[in-house]
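Visitor: I am new to this structure and would be grateful for a close look at a single part. Would you kindly choose one and describe it in full?

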Amino acid sequence: MKRILVIVAMLAFMGSVSYAQKLAYVDSEYVMKHIPEYTNAQKQLDNLSQQWQAEVDKQYASIETLYKAYQNDAPRLNEDMRRRREDEIVNKEKSVKEFQRGKFGMDGELFQQREKLMKPIQDRVQKAIQDVARAQQYDFVLDKRSETSFLYANPAMDKSNEVITKLGLKPNASLAN
C-alpha cells in the first residue's frame, strides 16, 4: 500500500513538472525610453512640475517675508493687529498647501496630465507586449521594473528589444541601465 502511494505521488509530481510554463520578462522603462512621444511627454511633465514648484517656492518665500516682518513688528502691535497678521500668515500657508495639493496631490493636475500623456503610450507598449507573448507562446511576461524582484534573470528571456521592434522602433543598447 505504501509503495502504491509513493508511485502515485511520483507520477503526479512528474506530470506537473512536465507541464512547464514559458516565462519571459520585459524592461518597460528601457522600452519606454525608445519611444519619442514618451520622452516628449516626460519633458512636458518635468516642465510643468518645475513651473508649479517654482510658484510654490515663491509663495513660501512671500510667507517667510510676512513672518519675519511680523516678528519685527510684534512688540509694537496691539492684540487685535497681532491676531490679524497671524491669521493672514496662516491663511496664506493654507492657500499654498491647497495649491500644492491641487497640483501635486494624488488627483492633482500633474497626475491627470501624466495619465493623459502616458496612457496612450502605455497602451501601445502593452499591446506590443501581448503581441510578442502570443506570437512566441509565452504564458507569463513579467516587468523587470515592477515590484517583483528578480534574484536572477537570464538575458535570453528578455524580450524588451522584440517589443521595441514590434513598436516599429530600433533598439538602442545605450538606453539600458
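Guide: The account that follows concerns one helix, its packing partner and the pocket beside it. The model is predicted, with local features requiring pLDDT of at least 70 and side-chain atom pairs pLDDT 80 or more, while totals for chains, interfaces and linings use all residues. Numbering starts from 1 along each chain as its sequence is written, and side-chain values use heavy atoms, without hydrogens or water.

Helix 5 spans residues 109-135 (helices are DSSP runs of H or I, at least four residues, and strands are runs of E, at least two, numbered from the N terminus). Helix 5 packs with helix 3, residues 36-73, their axes lying 10 Å apart at an angle of about 175° (axes are fitted to C-alpha atoms over the stretch in contact, with angles of 0 to 180 degrees between N-to-C directions). The two helices are therefore roughly antiparallel (over 145 degrees). In their contact (heavy atoms within 4.5 Å), helix 5 contributes Glu109, Leu110, Gln113, Arg114, Leu117, Met118, Ile121 and Arg124. From helix 3 come residues including Tyr38, Leu45, Leu48 and Trp52. By class, nine residues of this contact are nonpolar, four polar and four charged.

Helix 5 also supplies eight residues, the largest share, to the lining of the largest pocket. Helix 2 (28-33) and strand 2 (140-143) each supply at least two residues as well. The pocket is lined by 14 residues, and Ser28, Val125, Gln126, Ile129 and Asp143 lie nearest its centre (a pocket is an open set of points on a 1 Å grid where a 1.4 Å probe fits, with protein on both sides within 12 Å along at least five of seven lines; lining residues have an atom within 4 Å of a point).

Terms used
Angles under 35 degrees count as roughly parallel, over 145 as roughly antiparallel, 65 to 115 as roughly perpendicular and the rest as oblique. Ala, Val, Leu, Ile, Met, Phe, Trp, Tyr, Cys and Pro count as nonpolar, Asp, Glu, Lys and Arg as charged, and the others, Gly among them, as polar.
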